[in-house]
Every structure is written in structure tokens, then in C-alpha cells.
Amino acid sequence: MECKEKLKKYQEKIKEYNILDFFRADAKRVKNYSIHFNDIYFDYSKNYINKDILNLLMECANQNHLQDKIKAMFTGEKINITENRAVLHIALRNFSKNPIFVDGVDVMPKVREVLQKMQQFVEKVHSGEWLGFTGKKITDVVNIGIGGSHLGPAMVTKALINYKVKGINMHFVSNIDADDISSVFKKINAETTLFIIASKTFTTLETMTNAHTARNWFLSQNASENDIQKHFVALSTNKSACRDFGIPSENMFEFWNWVGGRYSLWSAIGLSIALAIGWTNFEELLHGAYEIDRHFEHAPLNENIPVIYALIGYWYRNFWNYSANAVIPYSNELATLPEFLQQLDMESNGKYVDIDGNIVNYPTGQLIWGEAGTNSQHSFFQYLHQGTDIIPVDFIGFISAFQEVGEHHKLLLSNMIAQSEALMIGKSANQVETELQSQGLSQAQIEKIKQHKVFRGNRPSNIFLLEKLTPRALGKIISIFEHKVFVQGVLWNVNSFDQWGVELGKQLATKVYNEINSVEVLNHDNSTNYIIDMIRNKK
């Protein structure tokens, strides 16, 4: 019998269990269902998990040849089969002396060359050696990108605001909505602003529209064409397009087709991060990811944080039909982490076709969402506690604050711990009745409101607890999520490293744009035709 059939039977057996039953059955449950790795504590004890279930999940991992596929990724095999590419974001933070080969060529010398070029550039900007066209020092950096060229750098820069380099202000532009870039223009001075154009092909519609708008604005500020090279750099591989734009090759920072967009913040795409927090801290970010890479590659599966984390998500998605997962960082600086993880996870594993091109007959991927605690406790936690859907929650917290202010951090952590406990233990009708009786309510009044105050509990969660939100700690967190996505892709037998689902809308948008600006006969559905006509007539 395959592991999936065994897991289905086991889920039927325990579906009426309470998570608390597992605690009652095992006095050492917390020790048995948690992992300490360096400064990371991963507690997965508040889940529908026991040794039998974990063994069956490991059986599924082995049946899908997980360890072989981990090795294939780390050794540069072309596991992105639809684009015939290796998947080597791990090479971008490879601090070992070991080579990594693609098509027989060691990629590490080029990786180190680009990192060195980035470091030299960052140090020139910070020292004042790189000056604007009027001889003034750079004070503002505008990163223009979208998707992976925006979400990762923007998230990391916000998360590490306490490590901000003095005198450098960061701005991020991604939306093609003109309000996005126009709002940035109001905050910057052309003489002291550096623009980073992040587009591998230098053809991405949103990025290049914003890039040309930035170029036109810059030239309108008493700058000349020759001045562009002092204020624009490119993260790209398209040298001719960059030159046409006015960016010389020495202002280009290369990355490769084996770096997927949503895995690219470790590459030249991270230039904005390095400018924001300094080169030493950027390297610390890479070192954190590298620590998890080594752990993921070498730790036994039953002691492997990304593997266990992925297996639990797979268990819930495919055997409990929990289609969503909430990620709640108890850190204001990590407020945009859930947004970053939406792309990382949903663009990777939101696939209905398996790696062999067959339509799958099982669910894949999860809806990832969340917001920072404690704000989220006063918005959607009502749904998590008493809603009709059960949504597993992942909590992320830090033992120490960057700056201790009164009792703030202790209260923050207290809320995180309490929410995890409350989701599991709930509050019974008997408890509610006792509370209401102590308040002097009559039995009639109690019966009227009692059920509204009941929490069913028995809702699973994980806790990631780290010492402090440092660049190295953030690198570890992101790397854990990257490898969790990879493991789940293996379990679902999908290609986690392409994203064909984003193409159709972009293709149609170009067609619609051309039609809005023409008078040709429209050939869409009635709804689309009518809306295009409305816009034409308005214009």
C-alpha cells in the first residue's frame, strides 16, 4: 500500500482527535516534536502529528526520491525541466570552496566576480566616491522592478531597517500605476538619486515603463543624456538594451537564467539591499541562508526543519483539505514577509499539471496570507479562532528586540505565545458558563450568549523562535521557506521553478493596450469589448 493510502486511513482514524490528546499521550511531546538548530527553535508540537504520521510522511518523501532531488538541485542538474534550467539560488550564497557545475562549467567564479563588483559599487556610493552629475553625494536609491525583482529586496530592506546605512534613503517602485512612481519623484532630487533598473531581459513591461518614466523625469531636471550613466544602473543580461537606454556595461550587474525571480534577492537583484544596509550586513544575510542550505542538504530528514515543515503542510493540504496557511510574524519589521511568501510559494506550486505534463487529481499549493502580529489579532484572528474553515498558522517571533522599550517586547511575545495556545486549547461551553455565572448573569442570559463565546480550539500552529531579527537570522528564515516550497513541489511532483501562469494575462494586456489606442473592431467577449469601448470613449 502506498504511503498516501496509509495516510488517508490514518486521517480517518484520528480526524475526531484533539491535538491535546497527543500531549496527554506523550509527556515529552515538546521535546519530541521540536528542533533546535543553532539559534532557531522550531516547535511543531501543536499539530495533528505523531510518530506514525511522521513515518508515513517520510515514506512519501522517500517514494518521491526527495534526497536524490535535493542532491540534483545542489549539484546543478536541470531540474526546471520546462525551461531546461538548473535551479541554483543556493550557489549565490555558497561560502564553501566547493564548485557547482552547470553544463560542465563551475559557476562559482562568476558568482564571486559579480559579488565583488557589487561590493565595490556599494562602497563607492557609501564613501562618496560615486557622485551625481553635479558632484553631490548619492542620498536616495530608487529600485525599479516587479515580482521577484521587487518583493524580496523591498521586504528585506524594511525588515532590516534597524541596520540602515546613515544618509541613504531607499524607495521601491513596482506598480505600473503612475501614482507609484510619481509619489517617489516628490521625495527625491535628481542630483542625488541613483536609479536601479531590475529586469533580466530589460523588456518587462511594468519595469521598463517605469524606467523610461524615471529617465524622462531625470532628463527634465537639467540633466543631460551623458549624465544618465552617473544615476542609472541595471541588473540585467541584455547589454544592447541597456546601452540603448544610456547605461554602459560597467553599470550592469549580471545574473543568470538559473536564478528564478522569486529566488533572486541573493543575486545582483539584492544590490538595493546592500546599498540600504551595507555590504557586511548583506553578506550576513547570505551567510544565514547558507547555514540553512547546509542544514537542508545534510541533516537527516527527521531532524530537518524545512523538510518537517513542508511535510506538515503537505499533510494538511492533501489529507485534511486545508487550502490556506497563515504566516504571522510578531515583528513590525517583518510586516511584508507574508506578501513576499505569497509569490515564493504560490507562484512556485500553484500548478495543476505535474512535472510530466499530466493533469493532477490531487490538490497542490496553498493560499499563503498573513500580517504582522499584534495588528492581525484585531482583524482576521476572529476567523482563525471561530471561523468555519481551519487554517494552520505559522508564528515567527524573536526573543530579543532590537531596542528594548519598556514592556513592549514581552507583551508582543506574550501575545504570540497566547494565540498559539488559544488556537489549540480553545474554550469549552462549561468554561464559558462558569465565567458568566461568576459575572452574575442569570441562566437565561447565559444560554442566550454562551455559544457565541465558545472557542472550539483544536487548530494547529507552528512556532519559529529566533534570538533576534538580524541579517543572518532573516537569511535563515527566507531559506527555510525556499526549501519548504521545494520539498512540497517534490511531494506534489510539480515544477516549482517555472511560472507560465503569469504569461497569458501579460500577452492579452498588450493586445488590449493596442486596441484602446486604436479604432479597430474588437474581437473579445461582450464584457471585455464593452469595457474597452467605455475607455475609448472616455479618452
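Here are some friendly notes on a predicted model, meant to be read with the structure open beside you.

1. **The main core.** Start in the interior. The largest nonpolar core has 128 residues, and those touching the most other members are Trp-258, Leu-271, Trp-315, Leu-474 and Phe-486. Helix 20, which runs over residues 471-492, gives this core its largest share, twelve residues. As background, nonpolar side chains tend to be buried together in soluble globular proteins.

2. **A second core.** Apart from the largest core lies another, made of 26 residues. Val-173, Met-208, Ala-223 and Met-252 are among them.

3. **Around Trp-258.** Which residues does Trp-258 touch, not counting residues up to four places away in sequence? One group is Ala-86, Val-87, Leu-88, His-89, Ala-91 and Leu-92. The others are Val-102, Val-107 and Val-111. Try selecting these residues in your viewer.

4. **A pair of helices.** Two packed helices are described by the angle between their axes and the distance between the axes. Here, helix 21 (residues 503-516) and helix 22 (residues 526-538) have axes that come within 9 Å and cross at roughly 40°. Helix 21 is therefore oblique to helix 22. The crossing of helix 21 past helix 22 is right-handed.

5. **Where those helices meet.** From helix 21, Val-512, Glu-515 and Ile-516 meet Ile-532, Ile-535 and Arg-536 of helix 22. Sorted by class, this contact between helix 21 and helix 22 has four nonpolar residues, two charged ones and no polar ones.

6. **A cis peptide bond.** Look next at the bond from Gly-373 to Thr-374: this peptide bond is cis, and its omega is near 10°. Thr-374 belongs to the loop between strand 11 (367-369) and helix 16 (381-386).

7. **Two residues with positive phi.** Asp-103 is not a glycine, yet its phi is positive, at about 55°. Phe-202, also a residue other than glycine, has a positive phi near 60°. Each sits in a loop: Asp-103 between strand 3 (101-102) and strand 4 (105-106), and Phe-202 between strand 7 (193-198) and helix 9 (205-219). Are they buried or exposed? Asp-103 counts as exposed because its relative accessibility is 61%, whereas Phe-202 is buried, with a relative accessible area of 6%.

8. **Ser-267 in its loop.** Ser-267 is placed in the loop between strand 9 (252-253) and helix 12 (271-277). Its relative accessibility is 3%, so Ser-267 counts as buried. Not counting residues up to four places away in sequence, Ser-267 touches Leu-92, Met-118, Phe-255, Val-259 and Phe-282.

9. **Gln-343 in a helix.** Gln-343 is part of helix 15, residues 337-349. With 11% relative accessibility, Gln-343 counts as buried. Leaving aside neighbours within four places in sequence, Gln-343 is in contact with Gly-147, Gly-148, Leu-151, Arg-262 and Ser-348.

10. **Gln-419 in another helix.** Helix 17 (residues 408-425) contains Gln-419. This residue counts as buried because its relative accessibility is 13%. Setting aside neighbours within four places in sequence, Gln-419 has contacts with Tyr-330, Gln-377, Phe-381, His-385 and Phe-395. How many residues apart in sequence are Gln-419 and Cys-242? They are 177 residues apart in sequence, and C-alpha to C-alpha they are 51 Å apart in space.

Notes. Residues numbered from 1 in each chain as written. Predicted model: local features only at pLDDT ≥ 70, side-chain atom pairs only at ≥ 80, totals over all residues. Heavy atoms only, no water. Axes fitted to C-alpha atoms, helices over the stretch in contact; angles between N-to-C directions. Helix = DSSP H or I, 4+ residues; strand = E, 2+ residues; numbered from the N terminus. Parallel < 35°, antiparallel > 145°, perpendicular 65-115°, else oblique. Left-handed = near helix turned anticlockwise from the far one by under 90°. Contact = heavy atoms within 4.5 Å. Nonpolar A, V, L, I, M, F, W, Y, C, P; charged D, E, K, R; others polar. Core = buried A, V, L, I, M, F, W, Y, C linked by side-chain atoms within 4.5 Å. Buried < 20%, exposed > 50% of the residue type's maximum accessible area, 1.4 Å probe, protein only.
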